[in-house]
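Take a walk through this protein with the model open beside you. We will stop at surface sites, buried sites, a pocket and some unusual backbone spots.

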Amino acid sequence: MADAVKEKNVAEGSVESVVPGDEGEEKFKSTHHILFYKRQRAKQELRYCASLDTLVLTERGASLEVFEAKSKECLLLQIWAVQNGTVRVTIDELQPIKPRYKVVDVLVGEPRYEQLRIEWRRAGCVSLTWGPGQHQVRVSASPFCLEVFCEEEVIVRLNPKGRLCFETLQDPPRPYSSSHEDQEDPLGLWKENFRQFQDIKANGPSSVGIDISLHGFTNVYGLPEHADSLRLKDTSGSEPYRLYNLDVFGYEINRRLGLYGSVPLLVAHKPDRTLGVFWLNASETLVDLQYSNHEEGENGPPVKRSRFSPETNVSWVSESGQIDCFLLLGPSPAQVFSQYAQLTGYQALPPLFSLGYHQCRWSYEDEEDVKSVDAGFDLHAIPYDVIWLDIDHTEGKRYFTWDSKLFPNPVDMQLHLQRKKRKLVVINDPHIKADPRWPFFFAARDGDHFVKDRDGNVYYGTCWPGNSCYLDFSSSRTRSWYARQFSFDKYKGSTESLFVWNDMNEPSVFNGPEQTMPKDAVHCGGWEHRDLHNLYGFFQHMATVEGLITRSGGLERPFVLSRSFFAGSQRMGAIWTGDNVSTWEYLKISIPMLLSLSITGIHFSGADVGGFWQDPDPELLVRWYQAGALQPFFRGHSAKQTKRREPWLFGDTVTSAVRSAIQQRYYLLPYWYTLFYLAHTSALPPTRPLWVEFPKETETFIMENQYMIGNALLACPVTDPGVTEVKVFLPGSDELWYNVSSGEQHRGGGTVTLPVTLETVPLFQRGGTVVSRRTGCGSCTAELQLHPFTLTVALDSEGSAEGMLYLDDGHSFNYRDKKQFSLRNFTLWSGRLTSSCAAEEGKFISDGKLESVVILGQRKVSKQPTVNSAAGKTTVMFQFEPEQAMLKLTDLNLGIHTDWEIII
């Protein structure tokens with residue numbers, strides 16, 4: 001471990017990572033430290049009014065002025081109707097003394113807008129509409145309030161409680177000198193102190209905030225990343241949800257402190273509508289929520305309401321930037337997901353190997369250690385695809401290098417893995433060791449690629465290498481320079497089977513305020529770090545992905561894991577939940593954490609299996625592997641201070657259970673890969689809260705211990721020690737469910753009690769679905785593809801089922817550029833199971849074969865099953881188990897990408 005940081009001894013019962021000298025100090029801020037938030041909360045007297053006579057309709061939207069009644073400060077309100085069913089509202093200074101920061105590179109492009117028109121004008125109010133007139137935006141003048149209606153029913157209100165507060169930029173007071181910096185500033189207008197750190201604000205107070213009321217909604221989700229419940233909690237009288245990317249080692253559970261990444265997307269749901277609120281601001285942001293039910297008075301707005309109207313009041317406050325708010329009107333969960341993806345991008349289609357199992361540790365010691373672990377998986381018949389190297393593989397914590405004693409032949413090591421069709425991932429952090437003798441450092445320094453301090457000099461902070469400088473990834477020029485460093489001629493010892501892990505990119509600065517970069521550090525273009533803090537890791541992730549794509553000449557899909565993230569990070573690849581702890585509580589909280597990410601667009605995510613810090617007992621380790629195998633990103637990881645925990649080190653019982661969990665993951669990879677294709681093309685999350693699939697079932701709205709994998713599988717991982725049974729809620733009174741292990745049928749709309757042993761993984765298939773698997777797994781995904789397919793067809797109450805299978809080469813962009821993919825529909829209806837093409841443009845020809853079909857819920861078989869295919873009509877070998885209502889069709893040998901029909 002670097003000298004700059006030490007860990008408290010586990011025996012002392014602490015998991016807090018501390019900088020020497022910090023012991024006993026409060027490292028991270030609470031709201032009483034956050035002065036811009038305190039200022040916003042204290043400003044009760046502001047009253048903004050809209051000047052309706054300044055309304056102008058443009059080709060792309062509408063604009064009008066908003067002014068504060070006492071100060072007469074004027075703001076510019078702009079309203080756009082996005083063509084996909086979204087309303088965009090921005091508020092900025094009308095005549096700023098300098099531009100305010102506007103988030104860049106998060107939106108995939110400027111949205112396409114509808115032409116607005118005036119529906120009616122009344123005294124003090126104007127109504128705008130567009131298209132067929134289903135939606136309206138109404139602006140009230142005094143006090144200013146903006147309402148969004150759908151078919152005359154209000155859905156959203158902006159500023160209903162008058163919380164709009166917009167601190168306009170100012171020139172520094174005169175004289176502005178070091179003596180001025182020493183003056184008291186209790187409101188934090190021009191400077192503020194936290195512990196030994198002083199933050200000087202070049203633009204003075206610059207915070208923005210507004211309240212938004214969501215009518216009829218009492219269940220709200222999203223706003224990752226927090227180690228908290230799936231359904232967001234009422235923050236009245238407590239801490240708000242904080243969105244500020246921080247390196248929080250062993251983070252506390254059930255706390256709203258900002259963690260490694262931020263997605264300022266809130267998703268509200270009720271039985272007949274889902275709604276999204278996307279707050280596009282990259283500065284520190286705090287969000288308060290209040291759930292309420294109140295009686296409508298007689299003088300309420302003339303809209304359809306019940307006597308008691310529930311609502312959720314949400315207050316957003318950001319330290320700087322503009323108000324740029326997107327209201328995603330749904331009305332279905334899938335439409336909200338699509339509306340958000342059309343703005344920020346769809347999940348990148350991962351290479352198939354990255355959906356397999358990853359083995360990681362801080363750190364594998366040397367090349368022999370790597371080869372030994374690799375051989376251990378083969379010896380114990382446990383499949384895996386990737387082994388990872390942490391910081392100690394480098395020469396003195398210099399990224400893009402190799403320790404010449406521990407890893408003297410990195411190419412040979414990678415070729416050894418390549419011969420087994422496996423990959424290597426290495427770490428690459430944003431801090432650069434300040435070593436003027438290192439060519440990489442002086443090239444970055446002389447190329448002006450580092451972040452500056454407030455005085456314009458290169459900023460120095462402390463991280464793993466000791467004294468370090470931080471690359472300014474907000475600069476497109478720096479991102480391009482960094483991307484070029486991944487070329488084989490520059491990154492000596494790398495091969496095409498090497499992929500990348502971006503860690504510590506919040507950014508983590510051991511000697512910085514809250515262990516991150518000072519807010520008054522300066523980026524390209526003169527922007528303060530406070531303006532774009534939450535984008536820093538997003539930009540490094542982007543640059544690394546561009547580097548790997550460039551390395552392959554644009555042919556191969558990259559794999560890059562990032563710890564820090566923002567809205568739009570899904571376009572780049574995977575993230576994980578950071579430095580968790582080996583306890584049952586952290587296993588349990590990983591499920592709502594990952595579901596919160598999933599519904600906010602970050603679909604390729606996972607938690608460190610087994611817990612990063614401390615040592616799991618064998619039962620916990622098994623249960624974590626079982627849970628991780630049913631989550632999108634599947635990686636075991638541990639700290640160097642912990643005991644080694646390769647799956648075969650805990651005895652035969654544990655080895656067998658872990659092997660089974662990992663093998664089941666590999667068998668199911670055709671289904672997972674299809675789900676990621678759907679995420680890539682339609683924004684449907686691979687893992688989903690139950691309410692996404694069952695939007696009218698109110699019992700599901702607060703459930704977070706079980707979830708859907710696609711639309712077909714319901715998972716309920718065991719997350720408590722010593723249990724002999726678990727209770728699983730099966731939604732849908734008209735649904736049928738089948739225990740994946742036994743095939744036993746259950747009717748939905750209630751709870752079943754399932755006996756469990758250490759080997760039991762509660763998993764149910766929904767009636768009416770078809771799930772594709774491989775019949776074997778081999779040692780990695782490359783060998784997996786040598787095994788034939790099997791289909792599990794689960795009949796619904798009508799005796800029908802349908803499902804999809806996506807196929808391509810698993811690694812290149814040919815699916816996109818050359819249409820080298822295949823998408824198949826499997827449908828069972830009236831006793832006929834058919835395979836048909838679901839995308840005629842697909843040109844991929846798979847050599848895969850369908851070997852067998854298992855039909856669950858088949859009550860009788862009255863004749864010999866037959867198959868019609870290009871080879872003609874033949875009979876099918878079958879086995880019917882009437883007591884289990886299960887029919888097995890075997891020895892089919894049908895081309896998986898071809899048309900055929902099985903008649904039962």
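Start with Ser797, which is partly exposed because its relative accessibility is 47%, a value between the 20% and 50% cut-offs. The model is a predicted one. Ser797 sits in the loop between β43 and β44 (801–808). Leaving out residues up to four places away in sequence, Ser797 touches Asp734 and Leu736. Now look across to Gly767. The two residues are 30 apart in sequence, yet their C-alpha atoms are 7.5 Å apart in space.

Strand β43 leads on to the largest pocket, since β43 (789–794) is among the elements that give two or more residues to its lining. The others are α12 (652–667), β41 (763–766), β42 (769–774), β47 (849–856) and β51 (886–890). Which element gives the largest share of the lining? Helix α12 does, with seven residues. The volume of this pocket is about 690 Å³. Its lining counts 29 residues, and Gln664, Val740, Ser741, Leu763 and Arg773 lie nearest the centre. By character, the lining splits into twelve nonpolar, twelve polar and five charged residues.

Helix α12 also turns up in the surroundings of another helix, α11 (residues 618–628). What covers the buried residues of α11? The cover includes β23 (357–359), α10, β33 (634–636), α12 and β35 (707–709). Helix α11 is mostly covered, with nine of its eleven residues buried. The buried ones are Leu620, Leu621, Val622, Arg623, Trp624, Tyr625, Gln626, Ala627 and Gly628. Note that Arg623 and Gln626 are on that list. In an α-helix there are 3.6 residues a turn, so residues three or four places apart point the same way. At the start of α11, look for Asp617. One of its side-chain oxygens comes to within 3.1 Å of the backbone nitrogen of Glu619.

Helix α10 (residues 584–598) brings us to the largest nonpolar core, to which it gives the largest share, nine residues. This core has 165 residues. Within it, Phe278, Leu535, Phe559 and Ile709 touch the most other members. Take Leu535 as an example. Beyond its sequence neighbours up to four places away, Leu535 touches Tyr101, Val103, Val104, Val106, Ala282 and Phe566. A second, separate core holds 56 residues, including Leu46, Val137, Val287 and Ile323.

Phe278 also appears among the contacts of Tyr340. Tyr340 belongs to helix α3. Is Tyr340 buried or exposed? Tyr340 is buried, because its relative accessible area is 3%, under the 20% cut-off. Setting aside neighbours within four places in sequence, its contacts are Val263, Leu265, Phe278, Leu328, Gly345, Ala567, Gly568, Gln570, Thr600 and Gly601. Tyr340 and Ala81 are 259 residues apart in sequence, and their C-alpha atoms are 14 Å apart in space.

Thr129 offers another buried site. Thr129 lies in strand β8 (residues 125–129). Its relative accessible area is 3%, so Thr129 counts as buried. Where does its side chain find a polar partner? A polar atom of the Thr129 side chain lies 2.6 Å from the backbone oxygen of His135. With neighbours within four places in sequence left aside, Thr129 is in contact with Gln115, Leu116, Arg117, Glu119, His135 and Gln136.

Finish with the backbone. Most residues other than glycine have a negative phi, and most peptide bonds are trans. Four spots here depart from that pattern. Two are cis peptide bonds. One joins Gly330 and Pro331, with omega about 15°. Pro331 is in the loop between β22 (323–328) and α3 (333–344). Another joins Glu506 and Pro507, with omega about 5°. Pro507 is in the loop between β29 (498–502) and α8 (529–532).

Then come the positive phi values. Lys72, a residue other than glycine, has phi near 65°. Lys72 lies in the loop between β4 (62–68) and β5 (74–82). Lys72 is exposed, because its relative accessibility is 52%. Glu152 has a positive phi too, near 70°. Its place is the loop between β10 (145–150) and β11 (153–158). With a relative accessibility of 34%, Glu152 counts as partly exposed.

How values were computed
Residues are numbered from 1 along each chain as its sequence is written. This is a predicted model: local features need pLDDT of at least 70, side-chain atom pairs count only at pLDDT 80 or more; totals for chains, interfaces and linings use all residues. Side-chain values use heavy atoms; hydrogens and water are left out. On a 1 Å grid over the protein atoms alone, a cavity is a set of points where a 1.4 Å probe fits but cannot get out, and a pocket is an open set with protein on both sides within 12 Å along at least five of seven lines; lining residues have an atom within 4 Å of a point. Grid points are joined across faces, edges and corners, and a volume is the space filled by probe spheres set on the points. Helices (H or I, at least four residues) and strands (E, at least two) are DSSP runs, numbered from the N terminus. Ala, Val, Leu, Ile, Met, Phe, Trp, Tyr, Cys and Pro count as nonpolar, Asp, Glu, Lys and Arg as charged, and the others, Gly among them, as polar. Buried means under 20% relative accessible area, exposed over 50%, partly exposed in between (1.4 Å probe, protein chains only). Contact means heavy atoms within 4.5 Å. A nonpolar core is a set of buried Ala, Val, Leu, Ile, Met, Phe, Trp, Tyr and Cys residues joined through side-chain atoms within 4.5 Å. A polar contact is a pair of N or O atoms within 3.5 Å; within protein, one must be able to donate a hydrogen and the other to accept it, and residues adjacent in sequence count only if both atoms are side-chain atoms.
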